[in-house]
Amino acid sequence: MTEDNEHLLQQFFSDTAHEQIADNGFTERVMRQLPARTGWFFRLWTPFCITFFVVLFIVFRGWEQLFIHFEDMLQAIASQTFTTNMLMLLAIFFGLFFVGTGELLLRNADNL
């Protein structure tokens, strides 16, 4: 059934993909007036930004801030106690089991 749907979608889009909408050349005029983004400025902007942020990271010793936040995160995780609601865990397990079983049955039905 999925293959039939795929075939119908491909047929629909292939039929309509080559249609032209009459707009008296409006689209072509707009596309010609858009600025070209192939200039030297646009090719150098990304390396400039990366270099700038690397320099800022070094000047302001960003690794120290990262280490402090990482240490705080680990302490927060270590200090938490986890309680497990067994009924919720069982519900999640059975939900995943039934979804997985359904997927396996659907795949086997498609292969037949």
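Along the sequence, the protein follows the pattern α-α-α-α-α. The model is a predicted one, and it contains five helices and zero strands. Of the 112 residues in the protein, buried residues make up 2%. The accessible surface comes to about 11,300 Å², and carbon and sulfur atoms account for 68% of that area.

**Helix α3 and its kink**

Helix α3 covers residues 40-59, a run of 20 residues. From its first C-alpha to its last, α3 reaches 28 Å, which is close to the 28 Å expected at 1.5 Å a residue. The helix nevertheless bends: a kink of about 25 degrees lies at Thr-46. This kink comes shortly before the proline Pro-47.

**Nonpolar patch and ring cluster**

Trp-40, Phe-41, Phe-42, Leu-44, Trp-45, Phe-48, Phe-52 and Phe-53 together make a nonpolar surface patch of about 920 Å². One of these residues, Phe-52, is found in helix α3. Phe-52 counts as partly exposed because its relative accessibility is 41%, between the limits of 20% for buried and 50% for exposed. Ring pairs also link Phe-52 with Trp-45, Phe-48 and Phe-53 into a cluster. Phe-52 is thus named both in the patch and in the cluster.

**Aromatic pairs in helix α5**

A search of the whole structure finds seven aromatic pairs. In one of them, the rings of Phe-93 and Phe-94 have their centres 5.6 Å apart and their planes at 65 degrees, so this pair is edge-to-face. The angle decides the class, because planes over 60 degrees apart count as edge-to-face. Phe-94 also forms an aromatic pair with Phe-98, and this pair is stacked, with 6.3 Å from centre to centre and 25 degrees between the planes. Phe-94 and Phe-98 lie in helix α5 (residues 86-111), and because they are four residues apart, about one helical turn separates them.

The accessibilities of these three residues are as follows.

| Residue | Relative accessibility | Class |
|---|---|---|
| Phe-93 | 51% | exposed |
| Phe-94 | 39% | partly exposed |
| Phe-98 | 55% | exposed |

Phe-94 takes part in the edge-to-face pair with Phe-93 and in the stacked pair with Phe-98.

**Loops with positive phi**

Most residues other than glycine have a negative phi. Asn-24 has a positive value, near 55 degrees. Asn-24 is found in the loop between α1 (2-16) and α2 (26-33). With a relative accessible area of 72%, Asn-24 is exposed, since the exposed class begins over 50%.

Arg-61 likewise has a positive phi, near 50 degrees, and is a residue other than glycine. Arg-61 follows α3, and its place is in the loop between α3 and α4 (62-79).

**The salt bridge at Arg-61**

Side chains of opposite charge can pair when their charged atoms come close. How many salt bridges does the structure hold? The structure holds one salt bridge. Glu-64 forms this bridge with Arg-61, and the closest N and O atoms are 3.6 Å apart. That distance satisfies the criterion because a salt bridge requires the side-chain nitrogen to be within 4 Å of a carboxyl oxygen. Glu-64 counts as partly exposed, with 36% relative accessibility. Arg-61 is also partly exposed, at a relative accessible area of 46%. Arg-61 therefore combines a positive phi with a salt bridge to Glu-64.

Conventions: Residues are numbered from 1 along each chain as its sequence is written. This is a predicted model: local features need pLDDT of at least 70, side-chain atom pairs count only at pLDDT 80 or more; totals for chains, interfaces and linings use all residues. Side-chain values use heavy atoms; hydrogens and water are left out. Helices (H or I, at least four residues) and strands (E, at least two) are DSSP runs, numbered from the N terminus. The expected span of a helix is 1.5 Å times one less than its number of residues. The bend at a residue is the angle between axes fitted to the seven residues ending there and the seven starting there. Buried means under 20% relative accessible area, exposed over 50%, partly exposed in between (1.4 Å probe, protein chains only). Accessible areas come from the Shrake-Rupley method with a 1.4 Å probe; for residues, only the protein chains shown count as cover. Patches are made of residues with over 30% relative accessible area and no salt bridge: like charges are joined within 9 Å, nonpolar side chains (Val, Leu, Ile, Met, Phe, Trp, Tyr) within 5 Å. Rings of Phe, Tyr and Trp (its six-membered ring) pair if their centres lie within 6.5 Å; planes under 30 degrees apart count as stacked, over 60 as edge-to-face and the rest as tilted.
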